[in-house]
Amino acid sequence: MLRSIRLTNFRSFAESGVLPLRPLTLILGPNSSGKSSILKAISLVRQTVAARDPSVPLVLNGPYLDLGSYHDVVFRHSLKRTLGLCFSLDAAVDLEADYARPTRRRHETTRVLTLSGEFGYFARPTRVYWKRTTVETEPTGIQFRLEASGAKAVASVSRGTQEAHATVRPEKFYGLADRGIGLQRWTGDPPVPSPEIAWLLISHEFTSTFQRVLHLGPLRDTPHRTYVVGGEAPLDVGSQGESAIQALWAASRKKVSRPAFVAVNDWLRRLDMAKEIRFRRISPTQYVVEVEDARTGVVSSLPDVGFGVSQILPALIQLQLMAPQSTLLMEQPEIHLHPTLQTALTDVLISATDTKRQVIAETHSELLLSRLQRRIAERKIALESVAILYVEMTPEGSVARELRLDEFGNFIDQLPTGFFSEEYTERLEQAKSVALRQRPAS
């Protein structure tokens with residue numbers, strides 16, 4: 001699970017500072033303030049981790065994301081700037097174990113990894129290049145470093161006065177080539193028995209964390225009259241929810257995943273959106289998705305029910321199917337939802353954090369935030385599980401900061417100017433207009 005993020009010269013951020021990411025993180029702010037840059041940075045690393053070519057350090061364009069060129073992604077389009085991405089994540093690895101001579105001796109476990117990558121741009125040939133990567137570990141205090149040196153890299157590992165170096169062959173921007181494991185000659189006094197194996201463990205933790213990142217965008221796939229389903233059971237509903245029905249159908253057929261299907265129907269009832277969603281077979285591979293109305297009992301095809309059902313259904317399915325320690329990135333989950341459903345959606349997101357899942361949502365919904373504050377006061381979610389980030393645009397670029405809450409869900413810090421003040425402003429202007437109209441004629 002991700003703990004924090006820091007962006008340097010990335011899109012609209014010159015320097016974001018360290019931003020906390022907790023089990024339920026809401027990102028707020030005006031349009032075009034830079035909120036989406038936080039989610040895109042996470043998706044960029046996810047795309048790089050999934051890429052097959054280990055020689056490409058940062059994959060700007062791929063199946064998950066299209067960021068254009070380095071010119072498009074670097075702050076103020078300045079090709080001379082160094083782009084930096086830094087993430088802290090949960091881990092559970094023993095970096096000090098001697099795997100060549102296994103023993104039962106227990107060492108202090110590394111529980112937090114902070115990995116920072118720096119990148120630049122070559123005009124000839126036109127490409128993004130990797131400069132260096134550093135990894136800091138907590139609480140063990142071991143530091144790793146990779147520094148580009150031509151086609152290879154110089155790796156170092158240190159703690160206190162202990163330090164060792166080796167020439168290695170890097171992969172992407174965070175790993176070592178497997179074919180070189182055991183062949184490096186480390187000079188110096190390494191603080192761990194097997195530096196290259198320690199690097200492998202770090203790389204594995206980083207890779208597995210971002211392999212568990214999922215994304216659900218603001219616009220959903222249009223519901224269809226019929227669906228062709230096969231034997232595949234996708235765990236990801238897709239950025240537009242295009243695989244949501246296939247995933248739900250598979251969940252309804254398998255014993256191990258049927259609780260997820262039951263949970264989706266349970267949430268539809270709790271949200272008063274439907275009594276049940278089910279599949280009616282019309283051919284060996286074709287099904288109609290039917291929805292039974294919660295109030296009337298009328299059964300309709302999915303395209304014939306309210307748009308809100310098709311909007312929220314992919315979110316419900318993804319939240320139930322995602323594995324523990326997964327992270328779901330959501331953009332404007334409140335779109336097309338009635339205010340009552342916006343507040344209820346908060347409870348759905350909170351339920352995901354109860355099962356060790358992480359949700360990072362970019363939102364404009366004041367109602368979603370208000371329900372979250374209420375649930376903190378009611379002790380339905382721990383204060384330590386929540387982060388509220390506010391992003392605004394300044395002449396120096398995007399600025400992000402955490403809006404802290406107390407144990408009762410109240411804001412501790414002074415709120416930014418204009419922060420969700422529209423309702424108050426409209427009410428005030430309405431009152432002024434009423435007073436003017438009711439004023440006796442002189």
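These exercises cover the pockets, cores and cavity of a predicted model.

**Exercise 1. Describe the largest pocket: its volume, its lining and the class make-up of that lining.**

Solution.
1. Start with the space. The largest pocket holds about 440 Å³.
2. Find the lining. It has 18 residues. Ser55, Trp130, Gly150, Ala151 and Pro170 lie nearest the pocket centre.
3. Assign elements. β7 (127–138) and β11 (170–171) each supply at least two lining residues. The largest share, four residues, comes from β7.
4. Sort by class. The lining has 10 nonpolar, two polar and six charged residues.

**Exercise 2. Do the same for the second largest pocket.**

Solution.
1. The volume of the second largest pocket is about 280 Å³.
2. Its lining counts 16 residues, and Asp272, Met273, Asp293, Arg295 and Val309 are the closest to its centre.
3. Three elements matter here. β17 (286–292), α6 (307–321) and α7 (339–354) each give at least two residues to this lining.
4. By class, the lining of the second largest pocket splits into seven nonpolar, five polar and four charged residues.

**Exercise 3. Locate the largest nonpolar core and trace the contacts of Ile317.**

Solution.
1. Recall the background. Nonpolar side chains tend to be buried together in soluble globular proteins.
2. Take the count. The largest nonpolar core has 61 residues.
3. Pick out its hubs. Leu26, Leu271, Ile317, Leu372 and Ile388 have the most contacts inside this core.
4. Ask which element gives most. α6 provides the largest share of this core, eight residues.
5. Follow Ile317. Leaving out residues up to four places away in sequence, Ile317 touches Val237, Ala244, Ala247, Leu248 and Val264.
6. Look beyond this core. A second, separate core has 60 residues, including Leu67, Leu95, Val135 and Ala153.

**Exercise 4. How many cavities of 30 Å³ or more does the whole structure have, and what lines the largest cavity?**

Solution.
1. Apply the cut-off. A search of the whole structure finds one cavity of 30 Å³ or more.
2. Get the volume. The largest cavity contains about 120 Å³ of space.
3. List the lining. There are 14 lining residues, with Asp221, Tyr227, Gly241, Ile245 and Pro314 closest to the cavity centre.
4. Assign elements. α4 (244–253) and α6 are the elements that give two or more residues to this lining. α6 gives the most, with three residues.
5. Sort by class. The cavity lining has seven nonpolar, four polar and three charged residues.

**Exercise 5. Follow α6 through the earlier solutions.**

Solution.
1. In the second largest pocket, α6 supplies at least two lining residues.
2. In the largest nonpolar core, α6 contributes eight residues.
3. In the largest cavity, α6 contributes three lining residues.

Conventions:
Residues are numbered from 1 along each chain as its sequence is written. This is a predicted model: local features need pLDDT of at least 70, side-chain atom pairs count only at pLDDT 80 or more; totals for chains, interfaces and linings use all residues. Side-chain values use heavy atoms; hydrogens and water are left out. On a 1 Å grid over the protein atoms alone, a cavity is a set of points where a 1.4 Å probe fits but cannot get out, and a pocket is an open set with protein on both sides within 12 Å along at least five of seven lines; lining residues have an atom within 4 Å of a point. Grid points are joined across faces, edges and corners, and a volume is the space filled by probe spheres set on the points. Ala, Val, Leu, Ile, Met, Phe, Trp, Tyr, Cys and Pro count as nonpolar, Asp, Glu, Lys and Arg as charged, and the others, Gly among them, as polar. A nonpolar core is a set of buried Ala, Val, Leu, Ile, Met, Phe, Trp, Tyr and Cys residues joined through side-chain atoms within 4.5 Å. Buried means under 20% relative accessible area, exposed over 50%, partly exposed in between (1.4 Å probe, protein chains only). Contact means heavy atoms within 4.5 Å.
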